[in-house]
Amino acid sequence: MIYRVVIRKKSYKPKSRSGKPYVTDIRCDRRIQKMASSQKMSVCEITRASLLHISKNTVHRQIIESGYMIHAKMVCTLSLSNLHISKRLQWAPNHMSYGDKWMAVLFGDEKNRTSMDLTGI
């Protein structure tokens with residue numbers, strides 16, 4: 001290629017990209033990434049809110065190509081029943097005056113071990 005440009009003095013023209021052209025431009029890509037990172041929206045909701053005629057696969061691809069966001073399905077959890085809500089509300093005032101005893105409780109970041117009493121150690 002260099003030989004053709006320097007010796008033969010032919011102009012260099014890069015080959016045009018084959019395939020279907022992109023539907024979104026850089027601004028649309030940034031808007032999709034901003035919506036995905038700042039709000040708790042699904043891919044379908046982002047597709048509807050973008051006001052473009054794009055598929056949800058395009059939105060999903062843009063989220064993955066951003067590199068810093070990880071697309072994960074949100075875990076479905078059951079809502080609290082009225083009994084659980086009332087028990088939590090009863091527990092809170094009883095433990096607000098726990099005072100210095102809170103210093104003996106270790107809070108971990110593991111899901112299955114939320115707290116551990118260290119008074120016996």
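**Exercise 1. State how much surface the protein chain exposes and what share carbon and sulfur atoms supply.**

Solution. The model is predicted. Its protein chain exposes about 11400 Å². Carbon and sulfur atoms supply 58% of that area. Now turn to burial. The chain has 121 residues, and 15% of them are buried.

**Exercise 2. List the secondary structure elements in order from the N terminus.**

Solution. Start with the totals: five helices and two strands. Then read along the chain. The order is α-α-α-α-α-β-β. Next, check the contacts between residues at least 6 apart in sequence. Of these, 30% join residues at least 24 apart.

**Exercise 3. Place Asp25 and classify its exposure.**

Solution. First, locate the residue. Asp25 sits in the loop between helix H1 (2-6) and helix H2 (26-38). Second, take its relative accessibility, which is 40%. Partly exposed covers the range between 20% and 50%. Asp25 is therefore partly exposed. Third, look at its side chain. A polar atom there lies 3.1 Å from the backbone nitrogen of Cys28.

**Exercise 4. Classify Cys44 and Cys76 as buried, partly exposed or exposed.**

Solution. Take Cys44 first. Its relative accessible area is 34%. That value falls between the two cut-offs, so Cys44 is partly exposed. Now take Cys76. Its relative accessible area is 77%. Exposed means over 50%, so Cys76 is exposed.

**Exercise 5. Count the disulfides in the whole structure.**

Solution. Apply the cut-off: two cysteine sulfur atoms must lie within 2.5 Å. Search the whole structure for such pairs. The count is zero.

Conventions
Residues are numbered from 1 along each chain as its sequence is written. This is a predicted model: local features need pLDDT of at least 70, side-chain atom pairs count only at pLDDT 80 or more; totals for chains, interfaces and linings use all residues. Side-chain values use heavy atoms; hydrogens and water are left out. Buried means under 20% relative accessible area, exposed over 50%, partly exposed in between (1.4 Å probe, protein chains only). Helices (H or I, at least four residues) and strands (E, at least two) are DSSP runs, numbered from the N terminus. Contact means heavy atoms within 4.5 Å. Accessible areas come from the Shrake-Rupley method with a 1.4 Å probe; for residues, only the protein chains shown count as cover. A polar contact is a pair of N or O atoms within 3.5 Å; within protein, one must be able to donate a hydrogen and the other to accept it, and residues adjacent in sequence count only if both atoms are side-chain atoms.
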